[in-house]
Amino acid sequence: MKAHKAELALLGGPPAFRTMLHVGRPNLPDRARLLERFNDLLDRNWLTNNGPLVGELEQRVAELTGVKHCVAMCNGTVALEIAIRALGLTGEVIVPSFTFVATAHALQWQQITPVFCDINPETHTIDPAQVEALITPHTSGIIGVHLWGRGCDTEALQAIAHRRGLALLFDAAHAFACTRGGKPIGGAGRAEVFSFHATKFFNTFEGGAVTTNDDALAEKMRLIKNFGFAGYDNVVEIGTNGKMPEICAAMGLCGLDCLDEFIATNRRNYAAYARDLQGLRGLRLLPYDESEKNNYQYIVVEIDPGAAGLRRDELVKVLHAENVLARRYFWPGCHRMEPYRSLYQQAGRVLPATDRVADRVIVLPTGAAVGPEQIATLCSIIRRALDRAGEVREALAAT
Ligand code: T4K
């Protein structure tokens, strides 16, 4: 068939987007206000080590999440590591495999074995019904991940943790400013861990935080993130350097002032995707529960290859050819990455939903860098690719 005006790039047309449309473009706050904050901190000449901006950010995050303590950290991964250490986890900890690899690494880094649990394929979060069977005498805790900002079943996990005497921690890297059951995410389990990385809808360049209602735990994490120092010259713990610098807190404070705006933009984009992808056979847009507060940070679609006529990886290639850098988060699942693939070769056998979902998910661009017109174009690319699946497959086979 001859190329027409709106021909797919793979079938001979030019890329639909001249510049790359990325997943994870940072949302930036008001630049003048940010530069003002930068100037203030330079004038103060206090750059890190628990400066006033970090204190202010911690207070505002604690208020927003409705918890007693927020401990700001240099990134989400170190925040996870420190929370795990402060909780005294050892031996084995149950985690979903369908998550960013940092969740597993934070355990393995400390010689703790991540025991991978399957997910509920509807929600993509850990399936509590499968947790109990994974508990052994070596299990010390459970880490639930609020994947894509959708709260996992905290009540069911809490009940298991309580019954079996396990510590419960949440990786809330995606779930800042979200609620579960109407309550802000941040106060469940012993602690919850946020990421404020540049790719998150709210960022501090790099950064993260642990929120908790546990006074002793908060105190311990403050010690650990500062080398274990309890005052000048007095070290009482093995610590590390997990501190957030002032410039990151400045970014965070300005971002907090724009939080509603960031969420409104993401929500508008999600609605545009929902409208423009409607009715596509074999494609499912993971819904947000509108009865909760969401940050709408991740636009997640699942491709059923049988019904869609294209495999996920084929559609990703179509999008890349059009300059849309869609991502296959979190393929192939932690259990299929090193060192876990070699260490726990049997893990895949108990993770059928993880394997199926990881093979089907595409994350699409959103945030302030994307508008409804671009979304309409992007969705029409998907529509055309599915309409002409046979030709697309042939074109891909020829490359
Ligand atoms: N737990 C979970 C569930 C997580 O998802 C994460 C992090 C963590 C824990 C750990 O938190 P952190 O230690 O990171 O605070 C990105 C992020 O680096 C990572 O923070 C995030 N999850 C993960 C889901 O995504 P990559 O490897 O995909 O990053 P990269 O460099 O490919 O960037 C993604 C896209 O963003 C690119 O298309 C380009 C764009 N981008 C990125 C940056 C940094 C920009 O446009 N500007 C930028 O400044 O991991």
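The following legends describe close-up views of a predicted model, covering the surroundings of its ligand and some local features of its backbone.

**View 1. The ligand and the residues that surround it.** In this predicted model, the shell around the ligand is made up of 26 residues, and the closest of these are Arg25, Thr77, Asp171, His174 and Tyr329. Sorted by class, the shell holds 12 polar residues together with 10 nonpolar and 4 charged ones. The space that the ligand takes up is the largest pocket of the model.

**View 2. Polar contacts to oxygen atoms of the ligand.** The side chain of Arg327 places an N or O atom 2.8 Å from an oxygen atom of the ligand, while an N or O atom in the side chain of His197 lies 3.3 Å from an oxygen atom of the ligand. Gly24 takes part through its backbone, where an N or O atom is found 3.3 Å from a ligand oxygen atom. Of the 920 Å² of accessible area that the ligand has on its own, 77% is covered by the protein.

**View 3. Domains and helices that contribute to the shell.** Domain 1, which is assigned as 2–25 + 259–326 + 365–398, and domain 2, assigned as 31–257, each provide at least three residues of the shell around the ligand. Among the helices, α3 (76–86) supplies at least two residues of this shell, and α4 (101–108) likewise supplies at least two.

**View 4. Cis peptide bonds and the loop between β13 and α11.** The peptide bond from Tyr329 to Phe330 is cis, with an omega value near -10°, and Tyr329 is also one of the residues closest to the ligand. Phe330 belongs to the loop that runs between β13 (324–325) and α11 (340–343). A cis peptide bond also links Glu338 to Pro339, here with omega near 5°, and Pro339 is likewise placed in the loop between β13 and α11.

**View 5. A positive phi angle at Asn50.** Although Asn50 is not a glycine, its phi angle is positive, at about 55°. The residue lies in the loop between two helices, α1 (31–44) and α2 (52–65).

How values were computed
Residues numbered from 1 in each chain as written. Predicted model: local features only at pLDDT ≥ 70, side-chain atom pairs only at ≥ 80, totals over all residues. Heavy atoms only, no water. Near = heavy atom within 4 Å. Polar contact = N/O pair within 3.5 Å; in protein donor to acceptor, adjacent residues only side chain to side chain. Areas by Shrake-Rupley, 256 points an atom, 1.4 Å probe, with all protein chains shown as cover. 1 Å grid on protein atoms, 1.4 Å probe; cavity = no way out; pocket = protein on both sides within 12 Å on 5 of 7 lines; lining within 4 Å. Sits in = over half its atoms within 2 Å of the grid points. Helix = DSSP H or I, 4+ residues; strand = E, 2+ residues; numbered from the N terminus. Nonpolar A, V, L, I, M, F, W, Y, C, P; charged D, E, K, R; others polar. Domains from an automatic or database assignment.
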